[in-house]
There are 2 protein chains.
Amino acid sequence: MTDDGQRIRIDARRNRDRIVEAARELFTRHGLSVSTNEVARHAGVGIATVLRRFPTRDDLVGAVFLPKMAGYRHAMSAALAEPDPWHGFSQFLETVCGMQVADLGFTEVLIRTFPTARALESQRDEVAADFGRLIARAQSAGRLRPDFAHQDLVVILMANAGVVAASGPAAEAASRRLVGHLLRSFAVASHGHSLPALPSPPSRTAMYLAMLRLRPAPPKPATRR
Amino acid sequence: MTDDGQRIRIDARRNRDRIVEAARELFTRHGLSVSTNEVARHAGVGIATVLRRFPTRDDLVGAVFLPKMAGYRHAMSAALAEPDPWHGFSQFLETVCGMQVADLGFTEVLIRTFPTARALESQRDEVAADFGRLIARAQSAGRLRPDFAHQDLVVILMANAGVVAASGPAAEAASRRLVGHLLRSFAVASHGHSLPALPSPPSRTAMYLAMLRLRPAPPKPATRR
DNA sequence: GGATAACCGGATAAGGCGCTCCAGATGGTG
DNA sequence: CACCATCTGGAGCGCCTTATCCGGTTATCC
């Protein structure tokens with residue numbers, strides 16, 4: 001997905017890079033719903049140029065998020081390298097949910113599939129497979145509840161995506177809080193080990209403002225009412 | 001919001017009801033993003049009729065979801081009436097998250113505010129106030145963790161909204177699973193009381209299909225490459 | 001059974017979207 | 001250095017959105 005046809009003119013290559021860079025910024029800030037028009041405008045190229053280089057939305061998404069997906073894989077490697085199985089497990093969830101907080105587009109990428117973006121999906125599959133090992137390790141060590149299931153990862157990512165999308169500026173605090181709650185639920189209560197204190201919740205006013213903020217942006221110049 | 005001007009012609013009244021009914025169906029199935037056009041079409045009235053009766057989107061949302069909001073309030077009353085404080089608490093969360101599963105529009109209503117829809121907001125405020133009592137009661141009984149905060153309700157609703165929106169047909173199972181996890185986290189581990197088994201997770205294929213499903217619907221007849 | 005105010009809904013304006021097409025600019029190569 | 005394939009940007013199409021305007025219809029009151 002990075003580059004397939006070797007025979008690409010260098011000006012085309014430069015434009016391609018500018019498009020990907022613009023798309024990354026916009027996706028990160030506003031999510032995947034950003035229009036192709038806007039990507040083109042922001043990149044300083046014509047609409048057709050974007051469409052020619054990335055005929056499908058998935059092509060663009062794939063090109064933009066491949067590096068982030070590599071980061072996802074890397075988080076898993078780091079988790080498996082962690083000597084303490086529970087630490088590895090909890091650290092993985094915290095890291096990944098943190099990645100969602102930091103990037104609205106990636107938040108969506110993690111809870112959808114993009115069947116045509118093979119490179120992206122193969123990375124995701126690897127992480128999914130390793131997640132099984134991460135679970136098994138923590139469960140064997142008696143630190144993770146036996147009824148924690150592989151599918152719970154997606155449920156967690158979807159839940160966190162909801163928090164991230166809905167709570168705007170308070171996303172950081174809200175997400176940490178959610179993950180804190182969940183980790184308490186997943187951990188086996190044991191005598192030797194005590195869980196860290198719950199991250200403090202977002203302030204009430206922050207949550208209220210988040211609920212207020214959450215409405216579709218009005219078009220540029222409108223009489224409004 | 002139900003009806004303010006008494007002097008409304010009965011044909012106008014009938015149209016109003018048809019609009020609200022159509023909007024309820026569409027909002028429930030597809031969320032609040034349904035266009036006014038579509039509501040009008042589905043109700044069998046002109047666009048102008050909808051706009052005249054409900055000048056603001058919030059007016060329509062308010063009219064549509066006032067009954068559901070009453071149901072929300074009722075769920076809280078029932079929870080407070082429950083003799084066992086923990087039962088009341090957990091039952092409330094289960095009920096409300098179940099309401100989100102059953103109604104995509106209401107899912108969004110619960111995580112936004114609609115400042116102009118006073119009737120709606122006053123109900124929400126009442127529930128919010130009572131939620132404080134619900135918490136206090138369960139904490140006094142030593143069944144709810146002391147660090148559970150009032151703000152956590154909104155975080156939970158946002159998380160559940162994410163699961164509901166993202167998991168489509170698997171929403172029921174995924175949501176129950178999430179709530180099950182969370183309740184385990186909120187409960188004080190005690191000798192006398194044992195928590196119920198975790199609801200079983202959605203199947204892996206169901207979650208995969210959900211991730212596949214989650215893409216913007218293509219327009220009616222398109223070449224679609 | 002009229003008169004009249006309220007009400008209706010389609011047409012229309014103004015904008016955005018994805019997407020295609022094509023005349024012209026430009027890079028790489030013989 | 002000249003040629004041609006490659007690449008470009010924007011105009012144009014068809015469809016959507018929200019919101020307003022206005023000629024015709026209809027319920028209600030006298």
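**Contacts with DNA strand D and between chains A and B**

In this predicted model, a polar backbone atom of Ile10(B) is placed 3.1 Å from a phosphate oxygen of DNA strand D. Two side chains also approach the strand through polar atoms: that of Arg52(A) lies 3.0 Å from a phosphate oxygen, whereas that of Arg9(B) lies 3.1 Å from a base oxygen. Elements of both chains give two or more residues to the surface near DNA strand D, namely α1 (10-30) and α3 (47-53) of chain A, together with α1 (10-30), α2 (36-43) and α3 (47-53) of chain B. Among these elements, α3(A) gives the most, with four residues.

The surroundings of DNA strand D comprise 24 residues, of which Arg9(A), Asn15(A), Ala48(A), Thr49(A) and Asn37(B) come nearest. On the side of the strand, sugar and phosphate account for 75% of the atoms that come within 4 Å of the protein. When the residues of the surface near DNA strand D are divided by class, 10 are charged, seven are polar and seven are nonpolar.

The two protein chains also meet each other, with 46 residues of chain B in contact with 47 residues of chain A. Between them, chain B and chain A bury about 4,000 Å², and 63% of this area is on carbon and sulfur atoms. In chain B, the residues that lose the most area to chain A are Gln151(B), Met158(B) and Met211(B), which together account for 16% of what that side buries.

Polar and charged groups take part in this interface as well. Across the interface of chain B and chain A, 14 residue pairs are found in polar contact, with both residues of each pair at pLDDT 80 or more, and four salt bridges are found by the rule applied. A salt bridge joins the side chains of Arg184(A) and Asp147(B), with a distance of 2.9 Å from N to O.

On the side of chain B that touches chain A, at least two residues are supplied by each of α8 (152-167), α9 (171-186) and α10 (204-213) of chain B. The largest share of that side, nine residues, comes from α8(B). Sorted by class, the side of chain B that touches chain A has 26 nonpolar residues, alongside 11 charged and nine polar ones.

Methods
Residues numbered from 1 in each chain as written. Chains lettered and ligands numbered in written order. Predicted model: local features only at pLDDT ≥ 70, side-chain atom pairs only at ≥ 80, totals over all residues. Heavy atoms only, no water. Contact = heavy atoms within 4.5 Å. Buried area = accessible area lost by both parts, 1.4 Å probe. Polar contact = N/O pair within 3.5 Å; in protein donor to acceptor, adjacent residues only side chain to side chain. Nonpolar A, V, L, I, M, F, W, Y, C, P; charged D, E, K, R; others polar. Near = heavy atom within 4 Å.
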